Structure formats: C-alpha cells, structure tokens
Amino acid sequence: MNSEFQGIGMTSQRSRDRLAEQLREMGICSNEVLEAIRRIPRHIFVDEALASRAYDNTALPIGHNQTISQPYIVARMVEALLEEGTPEKVLEIGTGCGYQTAILSRLVKRVYSIERIDALLNKAREKFYALKCRNISARHGDGNLGWLQYQPFDGIIVSAAPTGVPNTLLEQLAVNGRLIIPVGRSGEQELVTIVRTDEGFTEKRLDWVSFVPMLEGIG
Ligand code: SAH
C-alpha cells in the first residue's frame with residue numbers, strides 16, 4: 001500500500017486492527033470480513049477533516065446529505081451475505097463513498113454497484129482506481145430497477161432503506177441468492193436477509209438499523 005493509504009497516527013494500520021478487534025467483540029465472526037476491514041483504508045473514503053475519526057465505529061457525513069455506513073453495519077451485512085458460501089456476482093445498491101464496495105471487492109468475484117448521485121459515484125470510482133479494485137462495475141442509476149444486464153445475482157446488498165422490498169430486486173436474485181436489505185421508515189427500520197428458494201422466498205430478521213431512505217429516480 002502507498003503511504004497515503006497506509007496512514008499514520010489515527011489513520012494507521014493499528015487503528016484498522018483496533019476497529020476489526022472491536023467488531024469481533026461486537027459479534028462479527030467471519031475472519032475474512034475482519035481481514036477486509038483491516039486491509040481497506042476507510043480514511044481515504046471520507047473528507048480529510050474527518051480522517052482522524054475514520055476508524056471510530058460510527059457513520060460519518062460524505063456530503064449530499066448522505067453518510068458512510070457504520071463499520072459494524074457494513075461488517076454485519078457483508079457477513080450475512082457470505083453466510084452460506086461466497087457469492088460470485090453481487091449487486092450493491094447505494095455506492096455512496098464506495099467503502100463497502102471496496103470491502104466486497106476483496107471478498108467476492110465481481111461487484112456491480114449503483115448510485116443515484118453522480119458526484120458521489122465519480123469520487124468512489126477514483127478510490128476504486130487508486131486501490132486497484134478491478135472487479136467493480138459502478139454506474140449512475142436508480143437501484144430500485146436493479147441491473148437488468150447482469151442479473152441474476154447471487155447476492156444483493158442494499159445500503160439505503162426502502163419502505164418495502166422492491167419486487168425488481170427479488171426478481172433479479174438467483175435461486176439460493178441472498179438479499180440483505182434494511183426495510184422501513186426512519187426510526188423503525190429492520191435489516192433482513194431474504195433468500196430465494198426453489199419455491200419462493202424466506203425471510204430472516206437481523207437487527208434494528210438506521211439508514212438513509214432509498215429514493216426513487218436519480219439525483
Ligand atoms: N455503503 C455506502 C452507503 C452510502 S449511504 C457507504 O458506506 O458509503 C446510501 C447511499 O444510497 C447514498 O449514497 C444514496 O445516494 C444512495 N441511494 C439512495 N437511494 C438510491 C437509489 N434508489 N438508487 C441508488 N442509490 C441510492
């Protein structure tokens with residue numbers, strides 16, 4: 001890693017190791033997820049002024065009224081995605097600053113990510129390039145519509161909360177594929193795992209969560 005990515009002081013490898021250890025104590029068991037948390041420099045995904053807080057286990061503002069998700073939630077969602085084996089093709093809705101996308105790119109074969117705010121997407125793309133994450137395809141669009149061209153997906157992970165699960169995302173899930181999604185209005189959102197089976201879908205609730213709303217159309 002070059003020195004900017006490696007970081008010093010509050011953004012050093014020690015800070016990443018400490019964050020991974022904290023997430024393990026909070027119940028994240030997957031060693032590969034914890035290793036990705038140790039490897040991906042979260043501080044390059046936030047404003048320089050916030051870099052010293054990048055390894056706190058909190059959400060932080062990334063502009064345009066959006067936030068970078070809390071590391072625990074990223075780890076929890078990615079762990080839920082990998083629970084029954086590693087999916088090959090994963091669709092992510094809500095690229096945001098791209099941190100979770102970069103984590104996913106270390107763990108699965110190919111990541112397709114959709115963001116409705118062009119300016120965020122462009123900044124995220126620069127980070128993927130700098131970190132040499134070459135298995136990510138990211139595009140500007142409305143995630144409610146999924147990504148028809150590359151469906152079906154073995155996994156779909158949604159980083160913004162719709163009030164109900166979009167049917168289109170269920171349709172673009174492969175059999176045995178897993179959809180990890182926060183659902184509900186602000187203040188009453190639940191993170192759920194939906195698995196597509198031969199007969200239909202099963203649903204499991206994971207946690208109460210707080211995400212920005214999933215909006216319609218592009219920004
Ligand atoms: N995992 C990201 C989370 C960013 S916040 C990170 O850690 O940075 C959620 C993101 O979802 C925001 O960037 C928001 O613009 C985006 N979003 C909301 N509704 C969307 C939609 N319909 N399609 C695509 N992206 C959407």
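**Exercise 1. A strand pair and its crossover**

In this predicted model, determine how many bridges join strand E4 to strand E5, and whether the two strands run parallel or antiparallel.

*Solution.* Begin with the two strands themselves: E4 covers residues 110-115 and E5 covers residues 136-140, and 5 bridges join them in a parallel arrangement. Next, follow the chain from one strand to the other, which leads from E4 through helix H6, residues 118-130, to E5, in a β-α-β crossover that is right-handed. Finally, take a single residue of the pair as an example, namely Tyr112, whose bridge partner in E5 is Ser137.

**Exercise 2. The largest pocket**

Describe the largest pocket by its volume, and establish which element gives the most residues to its lining.

*Solution.* The volume of the largest pocket comes to about 510 Å³. Its lining consists of 35 residues, of which Thr67, Gly94, Ser159, Ala160 and Val212 are the closest to the centre. Turning to secondary structure, the elements that contribute two or more residues to this lining are strand E2 (66-68), helix H4 (71-82), helix H5 (99-107) and E4. Among the elements, E2 gives the most, with 3 residues. Sorted by class, the lining of the largest pocket comprises 18 nonpolar, 14 polar and 3 charged residues.

**Exercise 3. Ile40**

Decide whether Ile40 is buried or exposed, and list the residues with which Ile40 is in contact once its neighbours within four places in sequence are left aside.

*Solution.* First locate the residue: Ile40 belongs to the loop between helix H3 (31-39) and strand E1 (60-63). Because its relative accessible area is 6%, which falls under the 20% limit, Ile40 counts as buried. With the neighbours within four places set aside, the contacts of Ile40 are Arg16, Phe45, Tyr55, Tyr99, Ala102, Ile103 and Arg106. As for Ile114, which lies 74 residues from Ile40 along the chain, the C-alpha atoms of the two residues are separated by 20 Å.

**Exercise 4. Pro213**

Classify Pro213 as buried or exposed, and find which residues Pro213 touches, not counting those up to four places away in sequence.

*Solution.* Pro213 is found in the segment after strand E9 (201-209). Its relative accessibility is 53%, and since exposed means over 50%, Pro213 is classed as exposed. Not counting residues up to four places away in sequence, Pro213 touches Ala160 and Ala161; Ala160 has already appeared among the residues closest to the centre of the largest pocket. In addition, Pro213 and Ile93 are 120 residues apart in sequence, while their C-alpha atoms are 12 Å apart in space.

Definitions and conventions: Residues are numbered from 1 along each chain as its sequence is written. This is a predicted model: local features need pLDDT of at least 70, side-chain atom pairs count only at pLDDT 80 or more; totals for chains, interfaces and linings use all residues. Side-chain values use heavy atoms; hydrogens and water are left out. Helices (H or I, at least four residues) and strands (E, at least two) are DSSP runs, numbered from the N terminus. Buried means under 20% relative accessible area, exposed over 50%, partly exposed in between (1.4 Å probe, protein chains only). Contact means heavy atoms within 4.5 Å. Two strands pair if DSSP finds at least two bridges between them. A crossover is right-handed if, with the strands pointing away from the viewer, the path from the first strand over the helix to the second runs clockwise. On a 1 Å grid over the protein atoms alone, a cavity is a set of points where a 1.4 Å probe fits but cannot get out, and a pocket is an open set with protein on both sides within 12 Å along at least five of seven lines; lining residues have an atom within 4 Å of a point. Grid points are joined across faces, edges and corners, and a volume is the space filled by probe spheres set on the points. Ala, Val, Leu, Ile, Met, Phe, Trp, Tyr, Cys and Pro count as nonpolar, Asp, Glu, Lys and Arg as charged, and the others, Gly among them, as polar.
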